[in-house]
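Colleague: Could you take me through this model before I return to the bench? I would like to understand the fold and a few individual residues.

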Amino acid sequence: MTPDIQRVLVVGSGGAGKSTLAREIARKAGLPVIHLDRYFWQPGWAATPVEEWRAVVAGLVARPAWVMDGNYGGTLDLRIPAAELIVFLDLPRRVAMIRAVRRWARWRGRTRPDMGAGCPEKMDVSFLRWIWTYPRESRNRLLQALDAHGAAARVVRLCSPREVRAWLGAAAAPALPRMRPLSAGT
């Protein structure tokens, strides 16, 4: 990771590996990691109200350095302009589904380190449906938000676990590789 990059946003489908990648980038770069799930979900899986959530995210992005992971489309307008680099995990839905099920099996009934307190790992149909429909619904909204904020030049799009590993291996190089072009059609 180049020393001039101090704010990295990691986005993508549920189960794509955002939290894991964010932790690894933060470790390699010596930056603090911010898992948005930890701030959004209150005990018992209660969502933070919209206006309060936007204020929380505004405070988080105002920090001088971070690696932040999470989707939360309602705050992309705050996070995209603040990020100096955006890593888009554009993995196939079958990979995301398998990873989500593995995560559930590993953490079932316990709270993951990147999750809010009092939110034990669970699996439900709505979460699986969101992962399955992400490519045709949420992905396009993300691409539109990136375009609206002129972020395309700051996006690294990774489309497979192999590309993620290759990019992480090259992240110590002076120039970070851009693995794939960013477009809504691909």
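Modeller: What follows is a walk through a predicted model, beginning with confidence and moving on to the sheet, the cores and single residues.

Colleague: What is the mean pLDDT of the protein?

Modeller: The mean pLDDT is 88, and 90% of the residues reach 70 or more.

Colleague: Where does pLDDT stay under 50?

Modeller: That is the case over residues 173-177, for which the model has 11 contacts beyond four places in sequence.

Colleague: On to the fold. In what order do the strands of the open sheet run?

Modeller: The open sheet consists of five strands in the order 2-5-1-6-7, and their pairing is parallel. Strand 2 (33-35) and strand 7 (155-158) stand at the edges; each has a single partner strand, so one side of each is left without a neighbour in the sheet. On average, neighbouring strands are turned by 15° against each other, direction ignored.

Colleague: Which residues can I use to find the register at strand 5?

Modeller: Strand 1 pairs with strand 5 over four bridges, in the parallel sense, and Val 10 stands opposite Asp 69 there. Strand 2 and strand 5 are also paired in the parallel sense, over three bridges. Val 33 has Val 67 of strand 5 as its bridge partner.

Colleague: Are the residues on the two faces of strand 5 buried or exposed?

Modeller: They are buried: Trp 66 and Met 68 lie on one side, Val 67 and Asp 69 on the other, and both faces of the strand are covered.

Colleague: And how many bridges join strand 6 and strand 7?

Modeller: There are four bridges between them, again in the parallel sense. Phe 88 stands opposite Arg 157 of strand 7.

Colleague: Which strands do helix 1 and helix 7 lie against?

Modeller: Helix 1, residues 18-29, lies across strand 1, strand 2, strand 5 and strand 6, and runs at about 160° to strand 1. Helix 7 packs on the sheet by touching strand 1, strand 6 and strand 7, and its direction makes about 165° with that of strand 6.

Colleague: Let us turn to the interior. Which residues of the largest nonpolar core touch the most other members?

Modeller: That core has 25 residues, and those touching the most other members are Leu 9, Leu 36, Trp 66, Met 68, Ile 80, Ile 86 and Leu 146. Elements that each supply at least two residues of this core include strand 1 (7-12), strand 5 (66-69), helix 3 (50-61) and helix 7 (138-148). A second, separate core has 21 residues, among them Leu 21, Val 95, Leu 158 and Leu 168.

Colleague: What does Leu 36 touch?

Modeller: Leaving aside residues up to four places away in sequence, Leu 36 touches Trp 53, Val 57, Leu 60, Met 68, Asp 69, Gly 70, Tyr 72 and Arg 79.

Colleague: Tyr 72 caught my eye. Where does Tyr 72 lie?

Modeller: Tyr 72 lies in the loop between strand 5 and helix 4. Its relative accessibility is 16%, under the 20% limit, so Tyr 72 counts as buried. Its phi is near 50°, a positive value in a residue other than glycine. Most residues other than glycine have a negative phi. Trp 45, which is not a glycine either, has a positive phi of about 65°; Trp 45 is placed in the loop between strand 3 (41-42) and strand 4 (46-47).

Colleague: Which residues does Phe 40 touch?

Modeller: Phe 40 is in helix 2 and counts as buried, at 11% relative accessibility. Beyond four places in sequence, Phe 40 touches Ala 46, Ala 47, Thr 48, Trp 53 and Tyr 72.

Colleague: What about Asp 90: buried or exposed?

Modeller: Asp 90 is buried, with a relative accessible area of 13%. Asp 90 is located in the loop between strand 6 and helix 5 (93-107). The side chain of Asp 90 makes a polar contact with the side chain of Arg 157, at 2.8 Å.

Colleague: Finally, is Ala 62 buried or exposed?

Modeller: Ala 62 is exposed, with a relative accessible area of 55%, and is found in the loop between helix 3 and strand 5. Ala 62 and Ala 82 are 20 residues apart in sequence, while their C-alpha atoms are 7.9 Å apart in space.

Methods
Residues numbered from 1 in each chain as written. Predicted model: local features only at pLDDT ≥ 70, side-chain atom pairs only at ≥ 80, totals over all residues. Heavy atoms only, no water. Core = buried A, V, L, I, M, F, W, Y, C linked by side-chain atoms within 4.5 Å. Buried < 20%, exposed > 50% of the residue type's maximum accessible area, 1.4 Å probe, protein only. Contact = heavy atoms within 4.5 Å. Pairing = 2+ DSSP bridges. Axes fitted to C-alpha atoms, helices over the stretch in contact; angles between N-to-C directions. pLDDT = per-residue confidence, 0-100. Polar contact = N/O pair within 3.5 Å; in protein donor to acceptor, adjacent residues only side chain to side chain.
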